[in-house]
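Reader: I would like a close look at one part of this model. Please take me through how the helices pack, and keep it brisk.

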Amino acid sequence: MDLGVFYNLLLITIGFVLLIKGADFLVNGGSSLAKRFNVSDIAIGLTVVAMGTSAPELVVTIISGTQGKNELVFGNIIGSNIFNLFVILGISAVIYPLTVQRNALWKEVPYSLFITIMFFILVNDMMFFESDQNTLDVSDGVILIGLFIVFLIYIFMSLKRHPEEVGDEDIIVYSNLKTTFMLVGGLAGLIFGGKLIVDNAVILATSWGMSEKLIGLTILAAGTSLPELATSAVAAFQKKSDLAVGNIIGSNIFNLLLVLGMSAVISGPVPYQTVMNVDIYFLIGGTVLLFVFMFTLSKYKLDRSEGFVYILFYIAYSYYIFNRL
């Protein structure tokens with residue numbers, strides 16, 4: 001292996017380690033801080049923890065946008081959401097069949113589908129608005145962030161309606177000094193790790209003749225989804241279906257609304273290439289498929305065989321994008 005390539009791969013690996021540990025520090029430190037203010041662990045999980053596992057995507061996407069690497073912006077988020085849905089949910093279901101609560105099936109999953117279609121409309125300006133080019137501009141970013149705020153309001157309204165779900169058994173409260181260190185260290189790990197990954201992934205893409213889209217849809221997508229993979233796999237092993245499913249659906253909502261919304265506001269307008277519409281179609285199809293699976297075999301459950309179907313679909317998709325790009 002060429003020494004330069006080995007060096008780039010080493011830096012990418014270090015970047016991923018910093019990202020994952022940074023997200024872990026940020027989640028645990030934020031949870032500790034929130035618990036000190038008597039915020040429920042469910043509220044923490046749906047906000048701090050969900051944002052923490054999406055933090056790698058947020059950092060990588062914003063850094064890519066500020067550096068003008070627009071293909072990485074969309075490739076990372078669309079690829080991460082596809083990886084979350086097909087691979088992580090598939091693996092989790094294979095580990096242990098996942099029961100999906102009726103509330104999630106009829107509210108969170110449809111909302112995830114709605115915002116994916118909404119995003120598709122916003123980036124296809126030439127198709128829907130007779131514009132000269134396709135972009136995700138600042139106004140689009142404001143719309144996405146607005147939809148994210150709606151999602152947060154829904155979460156807290158749900159908590160008010162179900163106060164019996166509040167508990168604190170899994171939250172560790174650290175000292176003020178350790179909490180501060182974890183928050184600052186976690187943020188630093190995310191920033192430096194994200195920059196290492198973006199810079200070296202682009203260098204490799206150029207040296208191997210690979211497009212930024214391919215790097216974003218594969219290497220970055222899988223790498224920044226590692227926190228979700230760890231969380232959902234552990235949840236499946238512990239037979240906590242709600243956590244495994246909620247982690248994936250929630251993360252996909254955060255990625256599309258908060259991450260791309262922030263990126264558009266900070267770096268917009270971000271040019272969009274219509275070739276990635278196929279990837280969005282695949283994501284939409286996977287979300288619809290989750291809904292269909294709830295009424296086949298065991299009702300309101302993602303069985304092992306259905307998890308295998310998800311994984312096989314992702315293998316076929318990977319074969320397609322490697323040949324396409």
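Author: Contact here means heavy atoms within 4.5 Å. With that cut-off in hand, take the packing of α3 on α8. The model is a predicted one. In α3, the residues A55, P56, V59, V60, I63 and S64 make the contact. Their partners in α8 are L190, I191, G194, K195 and V198. Sorted by class, this contact of α3 with α8 holds eight nonpolar residues, two polar and one charged.

Now the geometry. Two packed helices are described by the angle between their axes and the distance between the axes. Helix α3 covers residues 55-66, and helix α8 covers residues 176-207. Their axes come within 9 Å. They cross at roughly 55°. That angle makes α3 oblique to α8. The crossing of α3 and α8 is right-handed.

Next, helix α4. This helix spans residues 70-95. Start with its packing against α10, which runs over residues 226-237. The two axes lie 8 Å apart, at an angle of about 20°. Angles under 35 degrees count as roughly parallel, so α4 and α10 are roughly parallel to each other. The crossing of α4 past α10 is right-handed. On the α4 side, the contact uses N84, I88, I91, S92 and I95. On the α10 side, it uses E228, L229, S232, A233, A236 and F237. Seven residues of the contact of α4 with α10 are nonpolar, three are polar and one is charged.

Helix α4 also packs on α13, which covers residues 304-324. Here the axes come within 7 Å and cross at roughly 145°. The crossing of α4 past α13 is left-handed. From α4, the contact takes in I82, F83, L85, F86, V87, L89, G90, I91, A93, V94 and I95. From α13, it takes in R304, G307, F308, Y310, I311, F313, Y314 and Y317. By class, the contact of α4 with α13 has 16 nonpolar residues, two polar and one charged.

Two α4 residues deserve a second look. I91 and I95 meet α10. I91 and I95 also meet α13.

Now move along the chain to strand β1, residues 98-99. T99 sits in this strand. T99 and L302 are 203 residues apart in sequence. In space, their C-alpha atoms are 6.3 Å apart. How covered is T99? T99 has a relative accessible area of 31%, so it counts as partly exposed.

E130 makes a separate stop. This residue lies in the loop between α6 (125-128) and β2 (135-136). Its phi is near 55°. That is a positive value in a residue other than glycine. Is E130 buried or exposed? The relative accessibility of E130 is 74%, so E130 counts as exposed.

Last, set these parts in the whole chain. The protein chain has 13 helices and four strands. Of its 325 residues, 51% are buried. Take the contacts between residues at least 6 apart in sequence: 82% of them join residues at least 24 apart. The chain exposes about 14,500 Å². Carbon and sulfur atoms supply 70% of that area.

Conventions: Residues numbered from 1 in each chain as written. Predicted model: local features only at pLDDT ≥ 70, side-chain atom pairs only at ≥ 80, totals over all residues. Heavy atoms only, no water. Axes fitted to C-alpha atoms, helices over the stretch in contact; angles between N-to-C directions. Parallel < 35°, antiparallel > 145°, perpendicular 65-115°, else oblique. Left-handed = near helix turned anticlockwise from the far one by under 90°. Nonpolar A, V, L, I, M, F, W, Y, C, P; charged D, E, K, R; others polar. Buried < 20%, exposed > 50% of the residue type's maximum accessible area, 1.4 Å probe, protein only. Areas by Shrake-Rupley, 256 points an atom, 1.4 Å probe, with all protein chains shown as cover.
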